[in-house]
Every structure is written in structure tokens, then in C-alpha cells.
Amino acid sequence: MLDVAAFGRAHTFNHLFRVVSPPVSTVQVLLSRIDPSVPLPAYARPGDAGADLVTTSDLVLAPGERGVVGTGVAIALPPGYAGFVHPRSGLAARVGLSVVNTPGTIDSGYRGEIRVCLINHDLSEKVVLTRGDRIAQLVVQRVEQAEFVEVAELEPSERGEGGYGSTGGHATLGAGAREGTEN
Ligand SMILES: O=c1ccn([C@H]2C[C@H](O)[C@@H](COP(=O)(O)OP(=O)(O)OP(=O)(O)O)O2)c(=O)[nH]1
């Protein structure tokens, strides 16, 4: 028998889903394979924000060690876009692999090979990387260049100058952070 209430809920959900979901937008990014045998950066699942990048070299990172690897691809992002090289969460959680400068910034004018500065954050185990391993992900985003306009005073805001844990939420946030010294 038809569960009218459930049908209604599902229908409403589907209807809302269709109505509120904006169309998926894509941007064409020209790409050149520096290493012809690497796969194109690819999104593992529909809706993923990051396209996976592979390493073109084998690398063993001792605990705490970092190393730069090539990805075999160069891109030409349109003006107004940038690429951001992020770590992969699974590798971060399982073996401590991350990107030193996360996220690495790929400027729209950059035409060189995308390279990734990896780091092994694990305290005791090495990380073994093999050519072709998916080691990071590239997120392409629109960005603005700011026009910096100097003023004598900034308009007030609710946050004001409160930062660095000013909203609390953890016992240690009451203590002051270490700060650099001015000469
Ligand atoms: O993870 C990264 C980060 C950067 N780059 C490339 C693309 C980027 O456009 C260029 C410069 O990066 P960034 O501006 O972060 O480095 P910088 O040390 O400030 O160098 P530069 O003086 O060349 O701007 O290096 C990568 O291949 N991978």
C-alpha cells in the first residue's frame, strides 16, 4: 500500500532539492602533460571539489621529512581563477602525509609543472610513495585581486580586533599565544 505521508515527504524533498540546487558550473582549464604517461587530474566522485594529482616519482619520506614531487601536468587557469593544492584526508589520517604549504597556490599565470611539497607528519613511521600514487588534490576556485585602499580608520565591527581564539571553545584558548618580537 502506498505510504502517502512518506511519498509526500520524499516528493517535497526531491522537489526542494531540485529547486534549491544551483546548476553545477565547470570551467575549462587547458592542460599540458609534461609526463605523457600520467593520467589527467580527475574527480573521484561527482560533486568532489578536488581533482586528484599523482606523483611522477618514487619517494620515501622518513618521519618529519619533506620532499617535492612533480605531478606531470602544467595548466593555464583563466584569469580570475587559482588552483589550490590540498592534502588528501585519507593519507593524512592513515599515514600522516600532508602538504607543507597547504594549500599550495597555483597562480593563473603559472605555466610550469604543478609540484607538491609533501611532508610526513608521522613521528615514527616512514611514508612510501610510488610513481602514480594519488598524493594530493587540486581545487580550482574563482579568486579576486583586491584593490587595497588605505584609510585613516576602519569602520567598527562586532568582532573588532578579537582573533586567535577570542571566541573560546577550548580550555587552552584563554592562554596567550607565543608572539614574535619587534626590533
Ligand atoms: O604547491 C605548489 C605551490 C606553488 N606552485 C607553483 C605555482 C605557483 O604559481 C608558483 C609560485 O607559488 P607561490 O607564489 O606560492 O610561491 P612563492 O614562493 O611566493 O614564489 P614566487 O616568488 O615565484 O611567487 O609555484 C606549485 O607548483 N605547487
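Strands here are DSSP runs of E, at least two residues long, and they are numbered from the N terminus. With that in hand, P103 can be placed in the loop between strand 6 and strand 7. Please keep in mind that this is a predicted model.

**An unusual peptide bond**

P103 is worth a stop on the tour. The peptide bond that joins T102 to P103 is cis, with omega at about -10°. Most peptide bonds are trans, and most residues other than glycine have a negative phi. Y164 also stands out here: its phi is positive, about 45°, although Y164 is not a glycine. You will find Y164 in the segment after strand 10. Is Y164 buried or exposed? Y164 is exposed, because just 8 other C-beta atoms lie within 10 Å, where 12 or fewer count as exposed.

**The sheet**

Four strands make an open sheet, in the order 1-4-8-6, with antiparallel pairing. Strand 1 (30-33) and strand 6 (97-99) are at the edges; each has a single partner strand, so one side of each has no neighbour in the sheet. On average, neighbouring strands of this sheet are turned by 45° against each other, direction ignored. Strand 6 and strand 8 (residues 113-120) run antiparallel and are joined by three bridges. Within this pair, L97 stands opposite N120 of strand 8.

**Around the ligand**

Strand 8 returns in the shell around the ligand, where it gives the largest share, four residues. Strand 7 (104-106) and strand 8 each supply at least two residues of this shell. Among the residues around the ligand are V85, N101, D107, Y110 and R115. The table sorts the shell by class.

| Class | Residues in the shell |
|---|---|
| Nonpolar | six residues |
| Polar | three residues |
| Charged | two residues |

**The nonpolar core**

In soluble globular proteins, nonpolar side chains tend to be buried together. The largest nonpolar core of this model has 20 residues, and L53, V85, I114, V116, L118, I135 and A136 touch the most other members. Elements that give two or more residues to this core include strand 2 (50-54), strand 4 (66-76), strand 8 and strand 10 (134-142). Which strand gives the largest share of this core? Strand 10 does, with four residues. V85, I114 and V116 are among the best-connected core members, and V85, I114 and V116 are also found around the ligand.

**An annotated span**

An unreviewed UniProt entry carries the annotation "domain: dUTPase-like" for residues 38-168. Residues 38-168 are 5% helix and 40% strand, and their end C-alpha atoms lie 46 Å apart.

Key:
Residues are numbered from 1 along each chain as its sequence is written. This is a predicted model: local features need pLDDT of at least 70, side-chain atom pairs count only at pLDDT 80 or more; totals for chains, interfaces and linings use all residues. Two strands pair if DSSP finds at least two bridges between them. Axes are lines fitted to C-alpha atoms, for helices over the stretch in contact, and angles run from 0 to 180 degrees between N-to-C directions. UniProt positions are given in the numbering used here, feature names are shortened, and annotations may be inferred rather than shown by experiment. A residue is near a molecule or strand if its C-beta atom, placed from the backbone, lies within 6 Å of it. Ala, Val, Leu, Ile, Met, Phe, Trp, Tyr, Cys and Pro count as nonpolar, Asp, Glu, Lys and Arg as charged, and the others, Gly among them, as polar. A nonpolar core is a set of buried Ala, Val, Leu, Ile, Met, Phe, Trp, Tyr and Cys residues joined through C-beta atoms within 7 Å.
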